[in-house]
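Biologist: I have a new complex to look at and would like some help reading it. Could we go through it together, feature by feature?

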Amino acid sequence: MFLRTDSKTILPRRDFFGTTLGGLSGIALAQLLNRDGLLASDSKTPIRPVIDPANPNRARAAHFEPKAKQVLMIFCAGACSQIDTFDYKPDLIAHHDQPMPGADKLITFQGGQGTLQKSPWEFRPRGQSGKMISDLVGQIGEMADDMCFIHSLTGKTNTHGPGENFMNTGFTLDGFPSVGAWTTYALGSENDNLPAYVAIADPRGNPQSSGNCWNPGFLPAAFQGTDFNASAPVRNLARPDRWNEASDRRTREFLAKINQHHMEKFAGDSELAARISSYDLAARMQLSVPEVSDLSTESSEVLKMYGADQSGSATLETKANYARNCILARRLIEQGVRFVQLFNGAYQVGGEGTSNWDGHKVLKDQYAIHGEIFDGPTAALLKDMKRRGLLEHTLVVWCTEFGRMPTFQAGAKGRDHNPAGFTAWMAGAGVKAPFSYGSTDAFGYKAIENVTTVYDFHATILHLLGLDHERLTYYHNGIERRLTDVHGHVLREVIAS
Amino acid sequence: MTVALRCLDSLASTRSRTASQMLNALAIAAILLFPSCGLAQAENNATVESSTQQPQVPNAVKHKVDFAKDVQPILDSHCSSCHGASKQTSDLRLDLRAAVLKGSGSGPVIRVGDSVHSRLIEVVAGIDPDYRMPPEGPKLSDEEIGVLRAWIDQGALGPDDSAELDRKAPWSFQPVARPPSPHGAAAIDNWLTLKLNERGLAFSQPANRSTQIRRLYLIALGVPPTPEETREFLSDSSSDAYERLVDRVMADVRYGERMARHWFDVVRFAESNGFETNRVRYNAWPYRDYVIRSFNNDLPYDQFIAQQIAGDALGTDVATGYLVAGTYDIVKSPDINLTLMQRQDELSDLINTTGTAFLGLTLGCARCHDHKFDPVTQKDFYALQAVFAGVNFGERPLPAEPSEQSQQQLAQLQSEIESNKQRIAALLSQAKTIAANETKENSERLRPPVNSKLNIEEFESIKAVAVRFNITASGNSQPCIDEWEVFNASGENVAAADRGSKPSASSALPGYSIHRIEHINDGKPGNDHSWISNETNGGFVRIDFAQPEMISRMQWGRDRAERFRDRVASVYSIEALLEDGTWRELASSKNRRPQGDDIEWMISQLPSVERAEFKRVSDKQKQLEKELQQLTKGQSAWLGTFSKPEPIHRLYRGDPLMKREEVAPAMVDSLHGPQLASDLPEQQRRVALVSWLTERNNPLTSRVMVNRLWHYTFGTGIVDTPSDFGGNGTLPTHPELLDWLADEFMASGWSIKHVQRLMLLSQAFQQSSQPSQAGLAVDSDSRFLWRFPPRRLEAEPIRDSMLVVTGAIDWQMGGPGFFLQRVEQDNVYRYFPKETFGPAEMRRMVYLTRVRGEQDPVFGSFDCPSGNQVIPKRSRSNTPLQALNLFNSSFIQQQADLLAERLRRDAGESAQQQVERTFELLFARQPDQFELDASTQMIQDEGLQAFCRAMLNTTEFLFVF
């Protein structure tokens with residue numbers, strides 16, 4: 001007898017959530033749940049944004065009151081080691097050069113393990129909070145009091161392409177919409193004259209998953225990230241040299257005249273109207289994008305602060321270019337661009353780990369270069385955004401495709417891939433700071449406390465934007481697709497109350 | 001109360017419990033013990049019987065739990081074999097939230113907000129020792145029970161999946177039923193009119209003829225008609241003019257190119273591997289050409305399916321490019337988890353693509369669990385995986401298709417090869433004789449054969465400024481010399497680098513720092529400091545002395561360390577450059593004994609005329625053999641390889657590390673799919689799949705394809721989700737029409753052209769696209785076709801049309817594709833968009849080598865799929881970036897110039913004639929007065945190029961009306 005027939009002892013379901021919602025305890029419970037925002041998850045009908053075809057990125061309302069209006073996502077390509085940056089492990093220092101228990105049978109991406117290795121960089125307490133952060137990212141560390149660390153992220157793959165896909169699109173496979181595409185699909189943009197979503201690639205080139213990181217996937221092309229940076233302007237934005245400004249304008253006017261005349265026969269046809277208005281938007285963009293990209297108006301103090309004035313070596317040239325990208329990111333955020341993705345590190349070229357954070361063999365030498373390029377400009381960006389008040393409505397997130405091992409690889413002086421536990425951080429609008437959430441084990445290998453998924457991370461980003469990650473959907477090929485697939489919990493602990 | 005005390009005792013005696021856990025346990029004990037419900041009663045009895053072991057209910061976990069993420073997996077793994085989608089013991093299902101809430105045939109199993117009094121918790125915790133669940137297999141862990149408790153206590157929240165409780169077969173699983181109907185295209189108009197009338201609407205008037213021909217061309221061929229074709233049609237006053245035009249268009253080879261591009265979206269065909277390495281598949285194009293050919297030849301659709309899935313069994317190998325058209329991660333690792341996951345992703349993608357492309361069934365959804373909307377179980381998914389389990393990514397030789405021409409070619413080749421062979425044999429025998437005599441006669445004169453370690457050359461003392469070592473044979477690979485020393489009378493090496501001698505060579509093997517030319521005189525012998533030429537059996541190396549030197553001896557070798565014996569120069573001559581600028585031979589291999597049966601050495605003994613002939617004939621022979629090989633074996637192409645399938649297991653939540661029972665190959669059970677033997681050979685599994693897919697009583701195959709044709713023809717399918725005919729797809733607007741078309745399709749012998757021809761001949765297709773107030777008010781999307789719905793063209797027909805109107809188009813069909821990116825091939829391939837375009841880039845877009853994820857910077861923004869996921873239906877965005885690309889890109893400036901040139905050529909210098917020609921070319925019509933005035937004014941003010949730039953941007957040019 002499995003099922004109890006004594007129904008008197010157990011209230012029927014409808015007394016709680018039936019059509020009548022009767023019974024005091026049911027109501028009380030419902031109120032309790034509602035207060036915690038839990039009931040919201042009981043109604044998961046999709047909320048489809050209403051897209052105006054004439055201006056697909058016109059600003060749209062969030063699902064609920066957002067804490068952040070814009071997002072700056074900083075992505076370190078190549079898998080930036082948590083061990084050498086933000087995940088401080090005294091036990092790792094204590095057990096330096098000793099075998100990691102259980103690692104003898106552990107096969108990671110490139111094979112077997114050597115011994116545990118402390119970071120070549122010292123960790124020191126930073127800010128009022130005394131958060132331990134390494135010298136590799138010491139300048140970023142100065143912002144520790146504004147940062148919220150998630151030390152217990154876990155990934156689903158240990159190869160770069162799928163890993164970068166996963167962090168940027170929520171799927172390891174190629175071809176799914178990026179976080180930025182989902183965001184602009186949901187919210188449009190505050191500024192009609194600029195692209196709603198900009199992807200700023202590293203001066204050394206695209207990240208390893210290249211356009212997958214900002215592609216719209218199966219969402220309409222309107223929600224694609226526009227990729228340009230301080231060294232490479234928006235493609236086809238500029239009027240070709242052969243046309244002078246007046247001629248260019250008159251050509252556009254003639255085009256509009258012919259299109260309008262033709263449109264008269266198709267009154268009420270929104271797709272045609274949309275096509276015509278796309279030229280108006282383009283014309284406005286032609287004025288605004290060069291303006292926002294023109295860094296010559298920045299003061300020398302600002303250029304110096306970011307490191308954009310540095311030169312003298314290949315590393316410093318790259319640093320200066322990355323610094324200019326950082327300034328561009330700030331300017332785009334200032335202008336209301338909804339989603340800005342800033343990349344540090346490019347595809348693999350010139351050998352493993354040379355142009356990105358993939359430090360398998362000679363981590364110390366390579367990270368010394370990457371740290372030099374990344375730390376100062378990124379720190380300046382955070383500080384600059386803070387002093388300009390941009391952090392009040394902008395969510396800044398920093399992430400990478402996965403972490404690295406606390407051991408060196410067998411026979412090498414670098415760390416192999418490790419999706420079992422790695423760090424990301426958030427700062428700015430809606431984020432609890434200073435705060436650290438979750439943790440890895442004693443050596444920084446595996447997430448053990450408040451284990452967090454990339455889905456949770458994405459759900460939290462959307463939540464801060466006022467979006468319910470379970471209701472932001474797009475029908476594709478049989479499924480109401482979501483950024484978070486069928487997973488994800490909002491990390492309420494990292495949200496400022 | 002004795003029970004309570006005993007219970008408390010047992011709890012208290014357990015050490016290392018925190019205070020809060022104690023309190024919790026006390027609370028539970030209290031609930032268990034106060035007989036406020038039947039549960040406690042049962043507990044009481046049980047406890048009395050087993051006096052010492054009081055079961056405890058594990059604590060609820062503290063964190064928030066989610067049904068899908070946390071609860072469902074537990075129920076799936078412990079309960080669903082008896083209480084799942086396929087079997088419901090005691091009328092209880094536990095695989096859906098709604099089912100858990102509903103309870104069993106005899107009542108609820110959970111009490112929301114009160115887990116400890118929930119029957120589900122009682123039985124999994126074993127409160128009643130006589131009634132514990134699951135009856136077999138591992139018990140639930142404390143953690144798992146804690147999760148279930150937390151879920152119940154937190155309100156049993158989760159998705160509303162109640163619709164799935166009564167999941168029925170969707171409409172599309174019903175057999176195709178042909179309704180009584182008029183014949184031919186009239187059937188289409190009949191069903192459409194019925195629905196229109198219900199809405200108080202009717203067809204619009206017929207479109208004018210120039211609109212009709214332009215529409216027909218753009219939709220069926222993807223390019224506009226030429227002005228001549230338009231004029232011919234406009235002046236054809238016969239009653240069947242349109243019908244004959246349709247027939248001409250359907251016979252045009254550009255039809256196959258247009259349709260193939262649609263198909264590639266459906267099967268996500270692209271020509272690179274994807275992921276971060278994203279290497280180009282340079283030989284994937286034969287499949288592309290196969291698809292084009294198939295549409296042009298109107299290959300019956302059932303055969304089209306069969307060949308793509310099992311072409312290797314049907315003599316159409318090229319078609320199996322389908323199986324490996326998707327992404328493939330070549331980044332491999334010793335980490336077995338990664339390898340398994342990659343393989344699982346490959347096969348899942350193939351199953352999903354096969355399901356969506358041919359059946360309109362999103363089979364991929366059943367990888368982790370039974371399908372949420374359709375009667376497809378997880379077992380079905382893995383049974384199909386067993387069908388495809390022997391398919392691997394890679395190339396295989398493409399057998400040439402025998403044709404009369406190739407047969408003739410073959411015979412001719414073979415006879416040429418034979419006569420060549422005879423001549424070679426004769427020359428060889430002559431050489432052998434000479435060589436034998438030479439060896440015999442001069443056995444004392446001849447020097448020892450060359451060896452790999454060290455060879456000495458001695459000669460009369462001579463003053464030289466440089467020496468040169470010419471190699472003509474070296475064992476059929478690139479020759480290697482590790483060190484070459486040249487001595488003067490006092491035994492000093494005058495060729496040494498440290499005496500200022502400079503080496504140079506005809507070539508050096510690229511990419512090897514150990515085989516550079518500088519190594520030849522660096523004083524370090526051995527393979528690691530050697531020179532290798534980049535020419536098979538050839539090359540020379542030269543050393544220039546710092547000043548003229550008297551020399552009389554030299555030595556050289558391949559590897560003085562004696563590790564390598566290959567690449568030895570067996571036929572060579574060494575010369576000196578004298579001060580007067582002439583070369584003199586110092587030594588050669590001619591007076592050396594051969595190394596064994598060295599053919600090259602023997603040949604070197606031939607008189608020079610014969611020697612030259614031998615080289616000519618043997619080179620010719622090599623080329624002929626290569627041609628023969630191509631003709632008989634064909635090239636390798638990206639068509640996949642096949643291996644014996646591994647046993648396939650159902651995977652818990654789709655995770656390759658969580659294998660469950662083995663699954664034999666089979667087709668979808670709810671669609672009467674057959675079950676196959678688990679040891680059926682690989683190829684036969686795919687053959688079985690094909691016969692099931694193409695059975696006439698399969699309700700989906702024909703419906704799905706005719707709906708695609710409708711979608712391509714009218715812009716929106718009768719079913720608006722062309723690859724999803726399941727419960728989450730949309731319902732057909734015209735179910736009878738869909739069935740009529742599906743049946744007509746099969747009755748015609750699966751003729752795609754027959755069905756599409758009917759659509760193109762329908763009144764619906766020929767009507768005007770201009771909107772009416774009434775139509776827009778009732779049916780703004782024109783789904784019911786009160787007008788022909790105008791729409792923006794896709795990226796490919798836009799670019800193709802531009803090339804056609806400017807005259808730049810290169811109509812070359814087939815063969816390797818062109819690139820719109822410059823490719824840098826490293827370990828990872830990188831792509832840089834081209835900014836200038838030559839004749840190679842003027843082919844139709846279907847011949848573009850489409851690189852996954854790398855969009856063409858001009859046309860990619862027109863919702864061009866990236867080739868990663870299947871795209872049965874493209875979005876139609878209109879964005880500012882598109883406008884910028886079409887207005888400012890270098891491609892458009894070039895096309896505007898070409899159009900301007902063409903207009904001058906075609907229409908002379910009269911602005912009016914230029915305008916008229918432009919409208920003819922772009923819109924298949926004449927300008928009205930307003931357009932003519934505005935346009936001629938524009939040309940006068942801004943010039944012809946500026947006018948052309950604008951015209952290539954017009955709405956009318958980019959849309960089909």
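Modeller: Happily; we will take confidence, then the contact between chains, then one helix, and then cores and domains.

Biologist: What mean pLDDT does each chain have?

Modeller: This is a predicted model, and confidence is a good place to begin. Chain A has a mean pLDDT of 89, with 91% of its residues at 70 or more. For chain B the average is 88, and 92% of the residues score at least 70. The complex as a whole receives an ipTM of 0.81 and a pTM of 0.74 from the predictor.

Biologist: Where does pLDDT stay under 50 in chain A and in chain B?

Modeller: Where pLDDT is low, the predicted coordinates should not be read in detail. In chain A that stretch is residues 1-42, for which the model has 58 contacts beyond four places in sequence. In chain B, pLDDT stays under 50 over residues 1-52, with 41 such contacts.

Biologist: How many residues does each chain bring to the contact?

Modeller: A count from each side is a handy start: chain B gives 97 residues and chain A gives 90. Several elements of chain B each supply at least two residues to its side, among them helix H4 (67-78), helix H17 (336-359) and helix H32 (929-942). H29(B) makes the largest share, eight residues.

Biologist: And which classes of residue make up the side of chain B that touches chain A?

Modeller: That side has 38 polar, 35 nonpolar and 24 charged residues.

Biologist: Let's pick one helix from that side. Is H17(B) mostly covered or mostly uncovered?

Modeller: Mostly covered, as 17 of its 24 residues are buried. For its length, compare the end-to-end reach with the expected span: H17(B) reaches 34 Å from first C-alpha to last, close to the 34 Å expected at 1.5 Å a residue. Just after the helix, B:Gly360 takes a positive phi of about 60 degrees.

Biologist: Which residues touch the most other members of the largest nonpolar core?

Modeller: That core has 296 residues, and those with the most such neighbours include A:Cys148, A:Val340, A:Leu395 and A:Trp425. Take A:Leu395: beyond four places in sequence, its contacts include A:Ala68, A:Val71, A:Met426, A:Ile461 and A:Leu464. A second, separate core of 41 residues includes B:Phe540, B:Ile543, B:Trp556 and B:Ala587.

Biologist: What domains does the assignment give for chain A?

Modeller: Domain 1 covers 16-45, while domain 2 is written in two segments, 70-233 and 298-494. Their centres, taken over C-alpha atoms, are 38 Å apart.

Terms used. Residues are numbered from 1 along each chain as its sequence is written. Chains are lettered from A and ligands numbered from 1 in the order in which they are written. This is a predicted model: local features need pLDDT of at least 70, side-chain atom pairs count only at pLDDT 80 or more; totals for chains, interfaces and linings use all residues. Two residues are in contact if their C-beta atoms, placed from the backbone, lie within 7 Å. Helices (H or I, at least four residues) and strands (E, at least two) are DSSP runs, numbered from the N terminus. Ala, Val, Leu, Ile, Met, Phe, Trp, Tyr, Cys and Pro count as nonpolar, Asp, Glu, Lys and Arg as charged, and the others, Gly among them, as polar. The expected span of a helix is 1.5 Å times one less than its number of residues. A residue is buried if 20 or more other C-beta atoms lie within 10 Å of its own, exposed if 12 or fewer, and partly exposed in between; C-beta atoms are placed from the backbone. Domain bounds come from an automatic or database domain assignment. A nonpolar core is a set of buried Ala, Val, Leu, Ile, Met, Phe, Trp, Tyr and Cys residues joined through C-beta atoms within 7 Å. pLDDT is the predictor's confidence in each residue, from 0 to 100.
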